[in-house]
Amino acid sequence: MSERHSQPLVSICVRTHDRPVPLREAIDSALAQSFDDFELIVSDDTGSAEPVVRSFRDHRVRYERAPDQGGPAITLRSGFRASRGSFLAILDDDDLWHPDFLSTAVSRLRADEAVGVVFTGVVQVVGGRKMRPRQLIPAGKHANFLPIAVRMPPAPSASVIRREVWDESELTYPLAETGLGATTLWLGAAASGWTFEHVAEPLVYYRRHNGQISGRWRSLEREIAVLERFRFDDPISERLRRDRLIAVRLRLAGIELRRRRWQGALAGLRRARADHGRQLRPRDWVVFSGIAEWGVRLCMRLPVLFAALRPLWHMTGSRLVMVRSPQR
């Protein structure tokens, strides 16, 4: 085996959770990259992905069994710990890469050693319809990315990082089963002063579907656990962290209400109000009501409504309330 194959420049961690068909498509999109100095590690916490991985017969593709039902953060840790590359990329099993994704991200990381994270634009795919969301993060380098990371963390599958970012994160904010992996990485890297670079070109296809997990109960609890781990000296970032934490608490309380768990809903409302230090505002009640989540699920059935309802998600004050793939 050549030195290039034994020590790849990039390690790709494909996180999967019992979705063999989209997993195969995600791997195909990675193998179709114009940049080919990489290894691809499929990290799986169910044991169902190994036959799919073995079928590829490509020396760059290998399988890593993560702890049973460890969750997205532990699955990510298993993949990265088994990696050898100088740069690390995340590809969730229901996302796809444009052929130039890796070459674009790697060229930016090579050009400036101060850049720790490069992320690109995304194309959202709903019911086979491709749509590019409104651009909210300016293109270019961001030396102070923390306020953006709190409010709008990059999509995991659209990001490539230096190994040093991962190593530092595991020392200061090690990934926990109760948390979200990518969110912890972004907040830790931004708080440590790493520069983030945003390439606005949409080079990732983010496929939205009802099988995604991050709008569900457990994922909201994980997001709360991550946000509670951090405290920021920067007053703007700290205020945004608290606002985001309150929004997630309200979403969770709203789910309690719709499940007729009255005590849990009331406790969640009280906690959110105590965190606010004031009465809840109309925007907070929109989050609590679950209107946006209802609209998202309707879009899954009627993709033509996707663009029309998108402004409602921005009203919630949280990162697009649409259910997300295993993250973070």
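Two helices count as roughly antiparallel when the angle between them is over 145 degrees, as roughly parallel under 35, as roughly perpendicular from 65 to 115, and as oblique for the rest. The model considered here is predicted, so local features need pLDDT of at least 70 and side-chain atom pairs pLDDT 80 or more, while totals for chains, interfaces and linings use all residues. Residues are numbered from 1 along each chain as its sequence is written, and side-chain values use heavy atoms, without hydrogens or water.

A good place to begin is the pairing of helix 10 (residues 235-258) with helix 11 (residues 262-276), whose axes come within 8 Å and cross at roughly 165°. Helix 10 and helix 11 are therefore roughly antiparallel to each other. Their contact (heavy atoms within 4.5 Å) brings residues of helix 10, including R242, L245, I246 and R249, together with residues of helix 11, among them W262, G264, A265 and G268. The residues of this contact comprise 9 nonpolar, 3 polar and 5 charged; Ala, Val, Leu, Ile, Met, Phe, Trp, Tyr, Cys and Pro count as nonpolar, Asp, Glu, Lys and Arg as charged, and the others, Gly among them, as polar.

Helix 8 (residues 181-191) is mostly covered, with 10 of its 11 residues buried; buried means under 20% relative accessible area, exposed over 50%, and partly exposed in between, with a 1.4 Å probe and protein chains only. The buried residues include W186 and L187. After helix 8 comes G193, with a positive phi near 95°.

Turning to helix 9 (residues 217-229), E223 lies within this helix. E223 counts as buried because its relative accessibility is 10%. Beyond its neighbours within four places in sequence, E223 contacts L180, R244 and V248.

Key. Axes fitted to C-alpha atoms, helices over the stretch in contact; angles between N-to-C directions. Helix = DSSP H or I, 4+ residues; strand = E, 2+ residues; numbered from the N terminus.
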